[in-house]
Amino acid sequence: MSFFGFGQSVDVDILLNDADSRKRAEHKTEDGKKDKYFLFYDGETVSGKVSLALKNPNKRLEHQGIKVEFIGQIELYYDRGNHHEFVSLVKDLARPGEVTQSQAFDFEFTHVEKPYESYTGQNVKLRYFLRATISRRLNDVVKEMDIVVHTLSTYPELNSSIKMEVGIEDCLHIEFEYNKSKYHLKDVIVGKIYFLLVRIKIKHMEIDIIKRETTGTGPNVYHENDTIAKYEIMDGAPVRGESIPIRLFLAGYELTPTMRDINKKFSVRYYLNLVLIDEEERRYFKQQEVVLWRKGDIVRKSMSHQAAIASQRFEGTAPLGEVRTPGQLSDGSSRQ
């Protein structure tokens, strides 16, 4: 109910022109639930109508202007008061005046740059949305509609394998190999583990996929590690010369592309964590970063420049060199 003219006397809706044909994508909300949103890519036009429906047809709606915005913003949960906008486009739909009947206003944002993928994490959210605003003297009428953006990438043929030797001096010496260093989100990780020296009674071995989200800068940096998957490689004691195959399908897990220094606010990286547990419950581990990327079903021509940028962004990612140190695993991490 509206008292003394205060309150909303109009219903506002945002309708996309291609709503019937545009694909929808599932996306996790802040509370962990999944909803479906219209899916867009970088460079695509966003067009539609802002619809105004007067609740009382006999009453006029005075306003100070009507506009629609397309916004891309990053929100850090520890700094909720500040929204960091990296895309902000505005279209004025009507000058100050009166709305005497229900009507719709067309809008079009042509070839909109959407440089980053939509993301909802532990400490940060990157979202794109349309916002229609009817400016009024006392209380604006605002309607928002979220969309989801996926970034598509293509990579050069060069995608080197990862081959490393790790171990503890005179106790354990293993060699592991992954077939690639860059994987698309529906890919299969194929590899092998070779046991060159085994003087520790190993009872269990697994590979974990770890997502590491980093937010903030300087003294306000937050790291959140999330174990996305645990894949058991072996249950029992290995012997010298034994080779264990690895085949890990990524399609069944909730993964995003690797995101590096997004607008200087956050990063999302993925690691394969090789874990060995001995009979005394001591843990030995080795982490290796891998790059994840989203492969499009159909590579659009308008995406080619984005793919080139993404390719350059990840160019130079290479396996780390390995030198074993007595009493430690090769990355300097010791038994837990």
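This passage looks at the strands of a predicted model, with most attention on β11 and its partners.

Strand β11 spans residues 124–135, and 12 of its 12 residues are buried, so the strand is largely enclosed by the rest of the structure. In a regular strand the side chains alternate between the two faces of the sheet. In β11, Val124, Leu126, Tyr128, Leu130, Ala132 and Ile134 point one way, while Lys125, Arg127, Phe129, Arg131, Thr133 and Ser135 point the other way, and all are buried.

As for pairing, β11 runs antiparallel to β6, and 12 bridges join the two; here Phe70 has Leu130 as its bridge partner. Strand β12 (residues 141–149) also pairs with β11 in the antiparallel sense, over seven bridges, with Ala132 matched to Lys143. Five residues separate β11 and β12, and the two form a hairpin. Another hairpin links β10 and β11, this one with three residues between them. Strand β10 covers just residues 119–120 and is joined to β11 by two bridges, again antiparallel, with Thr120 standing opposite Lys125.

Over in β6 (residues 65–76) sits Glu69. Its relative accessibility is 8%, which is under the 20% cut-off, so Glu69 counts as buried. Beyond its neighbours within four places in sequence, Glu69 is in contact with Phe129, Leu130, Arg131 and Thr133, as well as Leu89, Val90 and Phe109.

Elsewhere, three strands make up an open antiparallel sheet in the order β1-β4-β9. The edges are β1 (10–16) and β9 (103–109), each pairing on one side only, and the twist from one strand to the next averages 20 degrees. Seven bridges hold the antiparallel pair of β1 and β4 (residues 46–54), with Leu15 opposite Lys49.

Note on methods: Residues are numbered from 1 along each chain as its sequence is written. This is a predicted model: local features need pLDDT of at least 70, side-chain atom pairs count only at pLDDT 80 or more; totals for chains, interfaces and linings use all residues. Side-chain values use heavy atoms; hydrogens and water are left out. Helices (H or I, at least four residues) and strands (E, at least two) are DSSP runs, numbered from the N terminus. Buried means under 20% relative accessible area, exposed over 50%, partly exposed in between (1.4 Å probe, protein chains only). Contact means heavy atoms within 4.5 Å. Two strands pair if DSSP finds at least two bridges between them. Axes are lines fitted to C-alpha atoms, for helices over the stretch in contact, and angles run from 0 to 180 degrees between N-to-C directions.
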